[in-house]
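This report describes one protein model, from its overall layout down to single residues. The sequence and the structure come first.

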Amino acid sequence: MRLINIGFGNMVCLDRVIAIVAPESAPIKRIVQESKDRGVCIDATYGRKTRTVLITDTDHVVLSALQPETLRRRAESPGSAEAPDEADDMTEPEDD
C-alpha cells in the first residue's frame, strides 16, 4: 500500500486514487457537491482554498489545498509517504 501526502500530514492510499483534478470546472464542482450531499467528501484543506480534488475507486472525493502538479510529483516519487517539502504545504493563498 503506497500513501501520498495530500498536505497537513494527511495521507491517501495512492492505489485507490483514480483521478487527481483541478476543482474549477462545472462537472468537478458537481461531483464535489454530490459527494458532500452523500457524505463521502473528505475535506483535508483545513479551511484553505481547494486546489485539488482526488477521486477514489471507493466513490469518495478528497479535497486538498495543494496544487495538482504537487500531488502528481509526490505520486510519481518512490517515497511519496515521506515528509513533504515545507514550501509545498506553506504556499501563499492565490488572489481570487
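Residues 24 or more positions apart account for 54% of the contacts in the protein with a separation of 6 or more. The model is a predicted one. Its mean pLDDT is 88, and 81% of the residues reach 70 or more. Over residues 92-96, however, pLDDT stays under 50, and for this stretch the model has six contacts beyond four places in sequence.

**Overall layout**

Three helices and six strands make up the secondary structure of the protein. Read from the N terminus, the order of the elements is β-β-β-α-β-β-β-α-α. The protein has 96 residues, of which 36% count as buried.

**The hairpin of β1 and β2**

Strand β1 covers residues 3-7 and strand β2 covers residues 10-13; the two pair in the antiparallel sense over four bridges. Leu-3 has Cys-13 of β2 as its bridge partner. Two residues lie between the strands of this hairpin, where Phe-8 takes a positive phi near 60°.

**Helix α1**

Does the span of this helix fall short of, exceed or agree with what its 13 residues should give? Helix α1 runs over residues 26-38, and at 1.5 Å a residue it should span 18 Å; the C-alpha atoms at its ends are 18 Å apart, so the two values agree. Ile-28, Val-32 and Ser-35 are the buried residues of α1. Seen down the axis of α1, these buried residues fall within an arc of 65°, and therefore they line one face of the helix. That buried side packs against four strands: β3 (17-21), β4 (41-44), β5 (52-56) and β6 (61-64). On the face turned away from the buried side, α1 carries the exposed residues Lys-29 and Asp-37. After α1 comes Gly-39, with a positive phi near 80°.

**Positive phi values**

Most residues other than glycine have a negative phi. Phe-8 departs from this sign, with a positive phi near 60°, and Tyr-46 has a positive phi near 55°. The table sets out these two residues with their places and accessibilities.

| Residue | Phi | Place | Relative accessibility |
|---|---|---|---|
| Phe-8 | near 60° | loop between β1 and β2 | 27%, partly exposed |
| Tyr-46 | near 55° | loop between β4 and β5 | 57%, exposed |

Phe-8 is classed as partly exposed because its relative accessible area, 27%, lies between the cut-offs of 20% and 50%. Tyr-46, at 57% relative accessibility, is over 50% and so counts as exposed.

**Thr-52 in strand β5**

Is Thr-52 buried or exposed? Thr-52 has a relative accessibility of 0%, so it counts as buried. Its place is in strand β5, one of the strands against which the buried residues of α1 pack. A polar atom of the Thr-52 side chain lies 2.4 Å from the backbone oxygen of Leu-66. Leu-66 is also among the residues in contact with Thr-52 once neighbours within four places in sequence are left aside. The others are Ile-20, Val-21, Pro-23, Val-62, Leu-63, Ser-64, Gln-67, Pro-68 and Leu-71. Of these, Ile-20 and Val-21 fall in the range given for β3 (17-21), while Val-62, Leu-63 and Ser-64 fall in that of β6 (61-64).

Definitions and conventions:
Residues are numbered from 1 along each chain as its sequence is written. Side-chain values use heavy atoms; hydrogens and water are left out. The expected span of a helix is 1.5 Å times one less than its number of residues. Buried means under 20% relative accessible area, exposed over 50%, partly exposed in between (1.4 Å probe, protein chains only). The arc is that of the directions from the helix axis to the C-beta atoms. Contact means heavy atoms within 4.5 Å. Two strands pair if DSSP finds at least two bridges between them. A polar contact is a pair of N or O atoms within 3.5 Å; within protein, one must be able to donate a hydrogen and the other to accept it, and residues adjacent in sequence count only if both atoms are side-chain atoms. pLDDT is the predictor's confidence in each residue, from 0 to 100.
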